[in-house]
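Student: Before we look at the model, could you take me through the reasoning behind the labels, setting each value against its cut-off?

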Amino acid sequence: MAQIPSQNCTFCSKIAALYCYDCQQCLCTQCQKNIHGIVAVCQDHKVGDIHKAGNRIYKSVPTCEAHNKEFICYCGKCDCLTCKECITSSHNGHITKEIKNIADIRRKDVSQIINKLKTKVKEIEETLKQLMEVIRYRYSRIVIRILRTSRKILRSYIRSLIVIN
(Lines give C-alpha, C1' and ligand atoms only; values in the text may rest on other atoms or scores of the structure.)
Protein backbone atom coordinates (compact mmCIF):
# COMPACT_ATOMS: atom_id res chain seq x y z
CA MET A 1 0.00 0.00 0.00
CA ALA A 2 1.38 3.44 -0.93
CA GLN A 3 2.25 5.88 1.80
CA ILE A 4 0.78 9.34 1.18
CA PRO A 5 0.34 12.40 3.36
CA SER A 6 -3.20 13.05 4.53
CA GLN A 7 -5.44 14.86 2.06
CA ASN A 8 -8.49 16.93 2.78
CA CYS A 9 -11.95 16.34 1.37
CA THR A 10 -12.73 18.64 -1.55
CA PHE A 11 -16.19 19.42 -0.14
CA CYS A 12 -15.76 19.79 3.63
CA SER A 13 -11.99 19.86 4.28
CA LYS A 14 -12.12 16.87 6.66
CA ILE A 15 -9.44 14.23 6.17
CA ALA A 16 -10.26 12.27 3.03
CA ALA A 17 -10.51 8.49 2.98
CA LEU A 18 -11.63 8.10 -0.64
CA TYR A 19 -10.51 9.24 -4.07
CA CYS A 20 -12.69 9.72 -7.16
CA TYR A 21 -10.69 8.72 -10.23
CA ASP A 22 -13.12 10.45 -12.58
CA CYS A 23 -13.34 13.79 -10.76
CA GLN A 24 -9.77 13.48 -9.50
CA GLN A 25 -10.96 14.64 -6.10
CA CYS A 26 -10.38 13.53 -2.53
CA LEU A 27 -13.49 12.74 -0.50
CA CYS A 28 -14.40 11.90 3.07
CA THR A 29 -16.86 9.01 3.50
CA GLN A 30 -19.69 11.36 4.54
CA CYS A 31 -19.39 13.64 1.52
CA GLN A 32 -19.12 10.62 -0.79
CA LYS A 33 -22.34 9.25 0.68
CA ASN A 34 -24.30 12.52 1.00
CA ILE A 35 -23.03 14.62 -1.93
CA HIS A 36 -20.81 12.95 -4.52
CA GLY A 37 -22.64 9.62 -4.48
CA ILE A 38 -26.10 11.11 -5.00
CA VAL A 39 -25.27 13.60 -7.78
CA ALA A 40 -26.50 11.99 -11.00
CA VAL A 41 -23.38 12.70 -13.09
CA CYS A 42 -21.12 11.22 -10.38
CA GLN A 43 -23.03 8.03 -9.63
CA ASP A 44 -21.07 5.91 -12.11
CA HIS A 45 -17.68 7.32 -11.06
CA LYS A 46 -14.96 5.01 -9.86
CA VAL A 47 -14.28 5.82 -6.20
CA GLY A 48 -11.71 3.94 -4.14
CA ASP A 49 -9.51 3.97 -1.08
CA ILE A 50 -7.30 7.06 -1.14
CA HIS A 51 -4.24 5.00 -0.17
CA LYS A 52 -4.63 2.79 -3.22
CA ALA A 53 -4.77 5.89 -5.45
CA GLY A 54 -1.22 6.68 -4.35
CA ASN A 55 0.59 9.27 -6.43
CA ARG A 56 -2.34 9.80 -8.81
CA ILE A 57 -3.63 12.34 -6.31
CA TYR A 58 -0.67 14.59 -7.05
CA LYS A 59 -0.62 14.29 -10.82
CA SER A 60 -2.69 17.05 -12.33
CA VAL A 61 -4.12 16.54 -15.78
CA PRO A 62 -2.87 19.19 -18.22
CA THR A 63 -5.73 21.18 -19.70
CA CYS A 64 -6.22 23.61 -22.55
CA GLU A 65 -6.07 27.23 -21.40
CA ALA A 66 -8.66 28.32 -23.99
CA HIS A 67 -11.30 25.69 -23.20
CA ASN A 68 -10.21 24.29 -19.82
CA LYS A 69 -10.53 20.75 -21.22
CA GLU A 70 -8.09 17.86 -21.07
CA PHE A 71 -5.63 17.54 -23.94
CA ILE A 72 -6.37 14.55 -26.15
CA CYS A 73 -4.16 15.02 -29.25
CA TYR A 74 -0.98 16.55 -30.55
CA CYS A 75 -1.13 18.92 -33.54
CA GLY A 76 1.89 18.31 -35.77
CA LYS A 77 1.43 21.52 -37.76
CA CYS A 78 1.35 23.79 -34.70
CA ASP A 79 3.59 21.59 -32.51
CA CYS A 80 1.24 21.73 -29.53
CA LEU A 81 -1.30 19.71 -27.54
CA THR A 82 -4.99 20.14 -28.31
CA CYS A 83 -8.30 19.46 -26.59
CA LYS A 84 -11.36 18.17 -28.48
CA GLU A 85 -12.70 21.70 -28.99
CA CYS A 86 -9.36 22.95 -30.36
CA ILE A 87 -9.34 20.14 -32.93
CA THR A 88 -12.65 21.31 -34.37
CA SER A 89 -11.83 25.03 -34.18
CA SER A 90 -8.32 26.50 -34.31
CA HIS A 91 -6.71 23.21 -35.45
CA ASN A 92 -9.45 22.16 -37.87
CA GLY A 93 -7.94 20.25 -40.79
CA HIS A 94 -4.52 19.91 -39.14
CA ILE A 95 -2.90 16.51 -38.84
CA THR A 96 -3.18 15.35 -35.24
CA LYS A 97 -1.71 12.32 -33.53
CA GLU A 98 -2.23 10.56 -30.24
CA ILE A 99 -0.25 12.12 -27.41
CA LYS A 100 1.09 8.72 -26.36
CA ASN A 101 2.58 8.08 -29.83
CA ILE A 102 4.28 11.47 -29.92
CA ALA A 103 5.52 11.03 -26.34
CA ASP A 104 7.01 7.63 -27.28
CA ILE A 105 8.78 9.17 -30.29
CA ARG A 106 10.11 12.05 -28.18
CA ARG A 107 11.30 9.61 -25.49
CA LYS A 108 13.27 7.71 -28.15
CA ASP A 109 14.74 11.00 -29.42
CA VAL A 110 15.75 12.00 -25.91
CA SER A 111 17.22 8.54 -25.30
CA GLN A 112 19.34 8.87 -28.46
CA ILE A 113 20.51 12.33 -27.42
CA ILE A 114 21.43 11.02 -23.96
CA ASN A 115 23.43 8.17 -25.52
CA LYS A 116 25.28 10.62 -27.79
CA LEU A 117 26.02 12.83 -24.80
CA LYS A 118 27.31 9.84 -22.82
CA THR A 119 29.64 9.01 -25.71
CA LYS A 120 30.87 12.61 -25.83
CA VAL A 121 31.45 12.59 -22.06
CA LYS A 122 33.55 9.43 -22.40
CA GLU A 123 35.56 11.04 -25.21
CA ILE A 124 36.13 14.16 -23.12
CA GLU A 125 37.16 12.07 -20.10
CA GLU A 126 39.69 10.20 -22.26
CA THR A 127 41.06 13.47 -23.67
CA LEU A 128 41.29 14.84 -20.12
CA LYS A 129 43.26 11.75 -19.01
CA GLN A 130 45.66 12.24 -21.91
CA LEU A 131 46.08 15.93 -21.08
CA MET A 132 46.75 15.10 -17.44
CA GLU A 133 49.49 12.68 -18.50
CA VAL A 134 51.09 15.35 -20.69
CA ILE A 135 50.88 17.86 -17.83
CA ARG A 136 52.41 15.37 -15.36
CA TYR A 137 55.23 14.59 -17.77
CA ARG A 138 55.95 18.26 -18.48
CA TYR A 139 55.68 19.11 -14.78
CA SER A 140 58.21 16.42 -13.87
CA ARG A 141 60.56 17.64 -16.62
CA ILE A 142 60.32 21.21 -15.32
CA VAL A 143 60.94 20.08 -11.73
CA ILE A 144 64.02 18.15 -12.86
CA ARG A 145 65.33 21.23 -14.71
CA ILE A 146 64.70 23.42 -11.67
CA LEU A 147 66.52 20.96 -9.40
CA ARG A 148 69.50 20.79 -11.79
CA THR A 149 69.64 24.55 -12.09
CA SER A 150 69.36 25.03 -8.33
CA ARG A 151 72.21 22.47 -7.80
CA LYS A 152 74.36 24.36 -10.29
CA ILE A 153 73.65 27.64 -8.54
CA LEU A 154 74.36 26.07 -5.13
CA ARG A 155 77.66 24.55 -6.38
CA SER A 156 78.61 27.85 -7.90
CA TYR A 157 77.83 29.65 -4.64
CA ILE A 158 79.82 27.12 -2.59
CA ARG A 159 82.79 27.49 -4.99
CA SER A 160 82.63 31.24 -4.63
CA LEU A 161 82.72 30.90 -0.83
CA ILE A 162 85.72 28.56 -0.98
CA VAL A 163 87.63 30.94 -3.32
CA ILE A 164 86.89 33.92 -1.05
CA ASN A 165 88.13 32.11 2.10
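**Labels and the values behind them**

Tutor: Let us begin with R106, which is partly exposed because its relative accessible area is 41%, and that value falls between the limits of 20% and 50%. Please keep in mind that this is a predicted model.

Student: What makes the contact between D79 and R106 a salt bridge?

Tutor: The side chains of D79 and R106 come to 3.6 Å, nitrogen to oxygen, and the cut-off is within 4 Å, so the pair qualifies. This pair links distant parts of the chain, with D79 in the loop between strand 4 and strand 5 (80–82) and R106 in helix 4 (residues 99–164), 27 residues apart.

Student: Why is it said that E85 and K69 tie parts of the chain together?

Tutor: Their side chains meet in a salt bridge at 3.0 Å, N to O. E85 lies in helix 3 (residues 84–88), whereas K69 lies in the loop between helix 2 (50–53) and strand 4 (73–75), so the bridge ties together parts that are 16 residues apart in sequence. E85, with a relative accessible area of 32%, is partly exposed, and K69, at 30%, is partly exposed as well.

Student: Why are D104 and K100 described as about one helical turn apart?

Tutor: They are separated by about one turn because they are 4 residues apart in helix 4. Their side chains form a salt bridge at 2.9 Å, N to O. K100, at 55% relative accessibility, is called exposed because the label applies over 50%, while D104, at 26%, is partly exposed. Salt bridges with shared partners join K100, D104 and R107 into one network.

Student: How many salt bridges does the structure hold?

Tutor: The structure holds 6 salt bridges.

Student: Why is the pair of Y19 and Y21 called edge-to-face?

Tutor: The planes of Y19 and Y21 stand at 90° and the ring centres are 5.2 Å apart; because centres must lie within 6.5 Å and planes over 60 degrees apart count as edge-to-face, both conditions are met. The count of aromatic pairs comes to 1. Y19 is buried, with a relative accessible area of 4%, and the charged end of K46 sits over the ring of Y21, 4.6 Å from its centre.

Student: What does the UniProt annotation say about residues 107–134, and what is the chain like there?

Tutor: The unreviewed UniProt entry annotates residues 107–134 as a "coiled-coil region". In the model, the chain over residues 107–134 is 100% helix and 0% strand, with its end C-alpha atoms 40 Å apart.

Conventions: Residues numbered from 1 in each chain as written. Predicted model: local features only at pLDDT ≥ 70, side-chain atom pairs only at ≥ 80, totals over all residues. Heavy atoms only, no water. Helix = DSSP H or I, 4+ residues; strand = E, 2+ residues; numbered from the N terminus. Buried < 20%, exposed > 50% of the residue type's maximum accessible area, 1.4 Å probe, protein only. UniProt positions renumbered as here; feature names shortened; annotations may be inferred. Phe/Tyr/Trp six-rings, centres within 6.5 Å; stacked < 30°, edge-to-face > 60°. Lys NZ or Arg CZ within 6 Å of the ring centre and 35° of its normal.
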